[in-house]
Amino acid sequence: MMVQTALHVGLEPRTRDVLYDLAVNKLPTKGRELFMRQMGKDVYDKIETNCFQMYIDGANDSGSHLGCYPEISRFNHDCRPNIHYRISNMTHTTVAARDIEPGQELSISYIELMLSREERRSRLRKWGFECTCSHCSMSDEEVAASDARLKKIEELEMAIENFNETVATAETGAELVDLYEKERLDIYLGQVYTRAALNFALFGEEKKAREYALAAVEAVERESGPNAADAKAMRILAENPRAHWTWGKRRRGSAGKGNKS
Ligand SMILES: C[S@@+](CC[C@H](N)C(=O)[O-])C[C@H]1O[C@@H](n2cnc3c(N)ncnc32)[C@H](O)[C@@H]1O
C-alpha cells in the first residue's frame, strides 16, 4: 500500500477515508490482513503510525509517497538501533548494523539521531509516544555523557567541514569514528568511515587513508548494497590514495597553492 504524501495530508478527511477503504479492500487477502494488523485505529491512522517516507520520482514533491511495509512496521524505534534500512526502487531492505544476539529485539530508528535525548524525545512525541528505548532510559549521568559526545561530534564535523586548522588534524576523522562507535551509532558508520578516510587523504596519510577507506567500503556496502556510489568511490581511494583528488591538500605548507578545500 502506497499513497502520495500530498493527498494523504491534503485530502478532505471524509473523501480520504472512503478512498482508503476502497484501496485497502482491493489488496490481496494476505496483504490486506497484514495491513490491518498494524497499529492504528483506522486506515489513515495506520498509515500515519507505520508508513515510511519514500521518493519514487526523485526528491520532488509529487515523488513523495508514504509506503507501508507491514512486516517492517513491527519494528519498534530505538535511539541506538541494531538495524539499518534503505528503500530503493520501492524495495525495502533491512540489514544488521552490528552483531545481534539470538532473542534480542530488532529495532530501527524513526528519526534523525544526532540529537540530545531531550530533542529526540520531543520529536518522537509527535509520533505519539514517549521513547522508552535503552538509550533514553539510561541514568542522567550516562545521558549527559552521551549528549556531550554528540556535541563533540558536531564540533569535530564542523571543524573538518570548514577546515578549522586549530581543531582539525589528520586524526580528527578517526576520533569521530571512535565517538560514533562509543555512541553505538552503527547505522551511520559508512559515512563516518568515509569522512575519516578522506580526511587522512587530505592530510597525506597514505596508510590510514587506505585503512579507513577499506573500512568505509565494508560499512557502505553493508548499508547501501554492493553497487553504492560511495563504496565505489572509497574503493578508488583505497587503491591509490596518492592519486586521489584530495591527496595532501591539507598538509602543512599546501595552503596558497590553489589547494584550499
Ligand atoms: C510502527 S509501530 C511499531 C510496532 C508496534 N509496537 C507493533 O506492535 O506493531 C509504532 C508504535 O510502536 C510504539 N513504539 C515504537 N517504538 C517505541 C519506543 N521506543 N518506546 C515506546 N513505544 C514505542 C509506539 O506506540 C508507536 O506509535
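This is a short walk through one predicted model of a protein chain with a ligand.

Let me start with confidence. The protein chain averages a pLDDT of 92, and 94% of its residues score at least 70. Among the elements, α7 comes out highest, at 98. Strand β2, residues 52–55, is lowest, and its mean is 89. One stretch needs a flag. Over residues 256–261 the pLDDT is below 50. Beyond near neighbours in sequence, that stretch has 6 contacts in the model. As for the overall scores, ipTM is 0.98 and pTM is 0.89.

Now the general layout. The protein chain has 10 helices and 7 strands. Its C-alpha trace spans about 70 × 45 × 40 Å along the principal axes. Of the 261 residues, 26% are buried. Take the contacts between residues at least 6 apart in sequence: 52% of them join residues at least 24 apart.

Next, the ligand. Which residues of the shell are closest to the ligand? They are Asn-76, His-77, Phe-129, Thr-132 and Cys-133, out of 14 that surround it. By class, the shell has 7 polar residues, 5 nonpolar and 2 charged. Two elements, α4 and β4, each supply at least two residues of the shell. In residue numbers, α4 is 43–50 and β4 is 76–77.

Keep Asn-76 in view for a moment. Glu-105 is 29 residues away from Asn-76 along the chain, yet their C-alpha atoms are separated by 8.6 Å. Glu-105 lies in the loop between β6 and β7. Glu-105 counts as partly exposed, because it has 13 C-beta neighbours inside 10 Å.

Back to α4. Its buried residues are Val-43, Lys-46, Ile-47 and Asn-50. Why do they sit on the same side of α4? Because they cover an arc of only 100 degrees around the axis. The spacing fits a general point: an α-helix has 3.6 residues a turn, so residues three or four places apart point the same way. What do the buried residues of α4 pack against? The partners are β1, α1, α2, α3 and β3.

Helix α5, residues 117–125, can be read the same way. Here Arg-117, Arg-120 and Leu-124 are buried. They line one face of the helix, because they fall within an arc of 65 degrees seen down the axis of α5. Turn to the face pointing away, and you find the exposed residues Glu-118, Ser-122 and Arg-125. The cover over the buried residues of α5 includes β4 and α6. You have met β4 already, as a supplier to the ligand shell.

On to the nonpolar cores. The largest has 33 residues. Seven of them touch the most other members: Tyr-193, Ala-196, Ala-197, Tyr-212, Ala-213, Ala-216 and Met-234. Which helices each supply at least two residues of this core? They are α6, α7, α8, α9 and α10. The largest share, 9 residues, comes from α8.

Look at Tyr-212 in detail. Leave aside its neighbours within four places in sequence. Tyr-212 is then in contact with Gly-173, Tyr-193, Ala-196, Ala-197 and Phe-200. Apart from this core lies another, of 8 residues. Its members include Ile-47, Cys-51, Cys-68 and Tyr-69. Ile-47 is one of the buried residues of α4.

Now some loop residues. Most residues other than glycine have a negative phi. Asn-89 is not a glycine, but its phi is positive, about 50 degrees. Asn-89 is found in the loop between β5 and β6. Buried or exposed? Asn-89 is exposed, because only 6 other C-beta atoms lie within 10 Å and the cut-off for exposed is 12 or fewer.

Arg-184 is the second such case, with a positive phi of about 55 degrees. Arg-184 lies in the loop between α7 and α8. Arg-184 counts as partly exposed, because it has 17 C-beta neighbours inside 10 Å.

Last stop, Pro-28. Pro-28 is found in the loop between α2 and α3. With 8 C-beta neighbours inside 10 Å, Pro-28 counts as exposed. From Pro-28 to Ser-116 is 43 Å in space, C-alpha to C-alpha, and 88 residues in sequence.

Conventions: Residues are numbered from 1 along each chain as its sequence is written. This is a predicted model: local features need pLDDT of at least 70, side-chain atom pairs count only at pLDDT 80 or more; totals for chains, interfaces and linings use all residues. A residue is near a molecule or strand if its C-beta atom, placed from the backbone, lies within 6 Å of it. Helices (H or I, at least four residues) and strands (E, at least two) are DSSP runs, numbered from the N terminus. Ala, Val, Leu, Ile, Met, Phe, Trp, Tyr, Cys and Pro count as nonpolar, Asp, Glu, Lys and Arg as charged, and the others, Gly among them, as polar. A nonpolar core is a set of buried Ala, Val, Leu, Ile, Met, Phe, Trp, Tyr and Cys residues joined through C-beta atoms within 7 Å. A residue is buried if 20 or more other C-beta atoms lie within 10 Å of its own, exposed if 12 or fewer, and partly exposed in between; C-beta atoms are placed from the backbone. Two residues are in contact if their C-beta atoms, placed from the backbone, lie within 7 Å. pLDDT is the predictor's confidence in each residue, from 0 to 100. The arc is that of the directions from the helix axis to the C-beta atoms.
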